[in-house]
Amino acid sequence: MLKEFQEFISKGNVMDLAVGVIIGAAFGKIVDSLVNDIIMPIVGAIFGGLDFNNYFLVLSSSVHSAALADAKKEGAVFAYGSFITVVLNFLILAFIIFLMVKAVNNLRKRLESEKPAPAAAPPPADVQLLTEIRDLLARK
């Protein structure tokens, strides 16, 4: 069982997947920062200082706070503003990944179109021999 596990781990696809997950996690943090620190403040400024993170509906009579973090400590809240922010994160991340995949596909197409056509395979030996005989007879 240990040997099977070592074979599984040493395969290239598993290592590629691990690298992809690590890079994806780091990229997710970049997108979170982009949304929370750059885009949402601009959206908030455009719409009169709105902060989507503090938008919530009170589900418990014990909640009296106006800030989401404090309200969560007091009781149940429906934090739809946080959901809007997460959806915006997802849409931005999906769009960026779409652009990256599109760029890679365009690069592949360009590289394939620049490749010279494969050289024609030489004819079989019997065809070459018949061609030589034909050429010799044509010279006489």
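**Group meeting: a walk through the predicted chain**

Let's start at the surface. The protein chain exposes about 11400 Å², and carbon and sulfur atoms supply 69% of that area. Keep in mind that this is a predicted model.

Next, burial. How many of the 140 residues count as buried? The figure is 11% of the protein chain.

Now the fold elements. The protein chain has five helices and two strands. Reading from the N terminus, the order is α-α-β-α-β-α-α. The radius of gyration of the protein chain is 31 Å, well over the 14 Å that the globule rule gives for 140 residues, so the chain is more spread out than a compact globule. Along the principal axes, the C-alpha atoms fill a box of roughly 110 × 50 × 20 Å.

What about contacts? Take those in the protein chain with a separation of 6 or more. Residues 24 or more positions apart account for 38% of them.

Charges next. The protein chain carries 13 positive and 13 negative side chains. The centres of those two sets lie 9 Å apart.

Now three residues, one by one.

Serine 65 comes up here. You will find serine 65 in the loop between strand S1 (57-58) and helix H3 (68-74). Buried or exposed? Serine 65 has 16% relative accessibility, and the cut-off for buried is under 20%, so serine 65 counts as buried. What does its side chain reach? The side chain of serine 65 reaches the backbone nitrogen of alanine 67, at 3.3 Å. Set aside the neighbours within four places in sequence, and serine 65 is in contact with Phe56, Asp70, Ala71 and Glu74.

On to alanine 25. Alanine 25 sits in helix H2, residues 12-46. Its relative accessibility is 45%, so alanine 25 counts as partly exposed. Now look across to leucine 137. Alanine 25 and leucine 137 are 112 residues apart along the chain. Their C-alpha atoms are separated by 74 Å.

Last, proline 116. Where is proline 116? Proline 116 lies in the loop between helix H4 (80-114) and helix H5 (125-139). With 71% relative accessibility, proline 116 counts as exposed. Pair proline 116 with leucine 59, and the two are 57 residues apart in sequence. In space, C-alpha to C-alpha, proline 116 and leucine 59 are 67 Å apart.

To recap the three: serine 65 is buried, alanine 25 is partly exposed, and proline 116 is exposed. The chain around them is more spread out than a compact globule.

Conventions: Residues numbered from 1 in each chain as written. Predicted model: local features only at pLDDT ≥ 70, side-chain atom pairs only at ≥ 80, totals over all residues. Heavy atoms only, no water. Helix = DSSP H or I, 4+ residues; strand = E, 2+ residues; numbered from the N terminus. Rg over C-alpha atoms; globule rule 2.2 N^0.38 Å. Buried < 20%, exposed > 50% of the residue type's maximum accessible area, 1.4 Å probe, protein only. Contact = heavy atoms within 4.5 Å. Areas by Shrake-Rupley, 256 points an atom, 1.4 Å probe, with all protein chains shown as cover. Lys, Arg positive; Asp, Glu negative; His and termini not counted. Charge placed at Lys NZ, Arg CZ, Asp CG, Glu CD. Polar contact = N/O pair within 3.5 Å; in protein donor to acceptor, adjacent residues only side chain to side chain.
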